[in-house]
Amino acid sequence: MERWVGPEGRPLEVHMLEQTRVLWEFRGPELLSEWTVTSDREIGGRSEVYLKLGRNNSTCMMYGSLCSTPPRDGETRYSGYCTLRSKQPLASFDRKKHYDWSNFNTLYLRIRGDGRPWMVNISAETYFSHQRDDMYSYFLYTRGGPYWQDVKIPFSKFFLSSRGRIQDDQHELWLDKVNSLGFTLGDKADGPFQLEIDFIAVCNEHAHTEEFAYELYKRNPEV
Amino acid sequence: MARRFLLQIYHTGCITSTVIPAVARLDPRLSYGHVPRLIHCSSVFCKSKSDNTNLQEIIELESEKKPKSLVTHDELFERAARDAKCKASFNRVLETFNKKDIRRRGHVEFIYAALKKMPEFGVERDITVYNKLLDVFPKEVFVPRNFIQRMFNHYPRQQECGVQVLEQMENYGIMPNMETKVLLVQIFGEKSHPMRKYQRIMYWFPKFKNVNPFPVPHDLLQDPVDLARFSLTRIANDLDAKITVHQFPSTHITEAGEEISQPYVVGIQSPEQRNLLAKHNPNRPVFVEGPFPLWLRKTCVHYYLLRADPIPPEEQVEEELDPELTGPEQSFFFPQYINLDLKKDLGDDDSFDVDEVVEGAVYAMCMTGQSDQATLAQWISGLQENNPVLGKVPTVFRLDSGFRELQKVEDIRHDPGHDQHPGAKQEHIIEEKVLHSQGMKR
């Protein structure tokens, strides 16, 4: 049994019996470099966002202020977003690597927010170039207050959207080649915000058997 | 089908008798040379008769000076906004436009202008106003009549405009109703782009209507004490937690004629927090920290915490549960603590491999109308009734400088990340305030 080697060089036994996997924890400053923060500055907006370690250097703290005034360029109609996104993992010679979460069915987050609604985005590897902007998203509601909040989001709930528009023909998220995970704030409430993340993990919820939460059959009228 | 129905109405002539005189009275040039086409007004809104004399004045004013600017219809709204920015004046502008020209010339520009002005008039969350706005579109004209028209984008500007109306509804979270659908079918036909947009909204909105596990009502409570109650129960996350109103807001005038207003102080403490506070080492201080923000939709409220620093590892005491000890609500059949070594199956380990984040315990939370130290000291002294240990413990106030009361979105000062990070926090430890000096241990 011991000579079998599973994916990523780990023993096969470990791989097969694994029920939870911690993907990101923020226990040191070097772990923040795996993430990028962006705001609507890149389209000319005025939101600000910063990323740093939390008070006791073991959590990730994203803070800033949201401003939903659209830039005065005559074509942008909506603005006001801040995003935290994990970087694409790369192998040698800048080859793309992917996360394989197909053993798990639930995303597990331990967060502390300030009552604002966020969005969790997962982008997976696609084949055709017109699918480049495909993104699977779901909502993340924070309670606010001084206590940590454990959030479990089944992957089956994630819906397909492209360039911010929810798509008519939905498809379930394929978890074998996940490129990145992100958090987006865009609730049009101007002012300071903060989100503290303890860790991000995936787990296997045995009671959850749903494959996809939205209709896949052909609808009439076909929207 | 719809057209046939309207034609029936036309033939019966029940509306003709009421509408033609009105049009003729408004502007004699309009009714000159052609019979008014009734299909241009929907059956719903035709019946409502507005104050025609007022309208006539506005239209006369409008026809006197023709505006030369590119933005054609802003002026109509600005003139209406002069007296009152409300739903009635907005509706009056729409009616004015509808009555001005039987062909609704320039209605796309008008609708875009109206969409932009809606938040100003405070009608951006009103479904009837959106329906009225859609009613500005002439009916039946943009419905494709043959397959070639249907194949190509029939009247693209108008369809785009219709989609825009629906998109604004979507952005404000308004669900369209049956009237919207009827209007869209009358205006653009069954399979047009706005109709598709309508179907998409009706498909996705009900799915995500109730996904929020911490719902906030659209119209927040007006009374600050009620709002504080609502927010504190939300963040406490404990059904046993008890809310105490330590002080109601009040204003009274002293003999010297000065007005003294007392801010409200609302606190919350759960039994668990009280137990933790009772076990607190009296030699270590407790801290009053804040203000921390809490967002309820677009409103930001602030709360304060009574907390301690994390207990250093050398002082931590492992609490052994006495198996013999049973509380009053303890069942005899189910012990408080079981040490059974049940064999777990392979792969039954559902725990996460992370280090615990060490943080100090939170003992109580409160919200006040004023963020000065005196108000918060009142809260602490109120807490002392149930927590006698507070009399022995030194209390340190670590407050953020700058007062922020309940703020609306508009007047929030830009101050990114103003709390929970020690760099920006000015720790002015003002004094170690020992509230009851008789219990002081030095």
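How many salt bridges does the rule count over all chains? By this rule, in which a side-chain nitrogen of Lys or Arg lies within 4 Å of a carboxyl oxygen of Asp or Glu, the count over all chains is 29.

The model is predicted: local features need pLDDT of at least 70, side-chain atom pairs count only at pLDDT 80 or more, and totals for chains, interfaces and linings use all residues. Residues are numbered from 1 along each chain as its sequence is written, chains are lettered from A and ligands numbered from 1 in the order in which they are written, and side-chain values use heavy atoms, with hydrogens and water left out.

**Exercise 1. Describe the interface of chain A and chain B.**

Step 1. Begin with the contact, defined by heavy atoms within 4.5 Å. Chain A contributes 62 residues and chain B 56 residues.

Step 2. Consider the buried area, the accessible area (1.4 Å probe) that two parts lose on being put together, summed over both. Between the two chains this area is about 5100 Å², and carbon and sulfur atoms give 54% of it.

Step 3. Turn to the pairs. Seven salt bridges cross the interface. One side-chain pair in a salt bridge is A:Arg110 with B:Glu356, at 3.8 Å from N to O. In another salt bridge, the closest N and O atoms of B:Glu167 and A:Arg77 are 3.9 Å apart. This pair links helix H10 (residues 156-171) of chain B to the loop between S4 and strand S5 (82-86) of chain A; helices (H or I, at least four residues) and strands (E, at least two) are DSSP runs, numbered from the N terminus.

**Exercise 2. Analyse the seven-stranded sheet of chain A.**

Step 1. Establish the order, taking two strands as paired if DSSP finds at least two bridges between them. The sheet is open and antiparallel, with the order S2-S5-S12-S7-S8-S10-S11.

Step 2. Locate the edges. Strand S2 (35-39) and S11 of chain A each have a single partner strand, so one side of each is left without a neighbour in the sheet.

Step 3. Examine one pairing. Strand S7 (residues 117-124) and strand S12 (residues 178-185) of chain A are antiparallel over seven bridges. Opposite A:Ile122 stands A:Leu181 in S12(A).

**Exercise 3. Analyse the six-stranded sheet of chain B and its helices.**

Step 1. The strands of this open sheet follow the order S1-S4-S7-S6-S5-S8, with mixed pairing. Strand S1 (242-247) and strand S8 (395-399) of chain B are the edge strands, each pairing on one side only.

Step 2. Strand S6 (residues 299-308) and strand S7 (residues 362-368) of chain B pair in the antiparallel sense over four bridges. B:Leu305 has B:Met365 in S7(B) as its bridge partner.

Step 3. Place a helix. Helix H14 (residues 271-278) of chain B lies across strand S4 (265-269), S6 and S7 of chain B, at about 120° to S7(B); axes are lines fitted to C-alpha atoms, for helices over the stretch in contact, and angles run from 0 to 180 degrees between N-to-C directions.

**Exercise 4. Identify two backbone exceptions.**

Step 1. Recall that most residues other than glycine have a negative phi, and most peptide bonds are trans.

Step 2. A:Asn57, not a glycine, has a positive phi of about 55°; A:Asn57 lies in the loop between S3 and S4 of chain A.

Step 3. The peptide bond from B:Gly290 to B:Pro291 is cis, with omega near -10°. B:Pro291 belongs to strand S5 of chain B.
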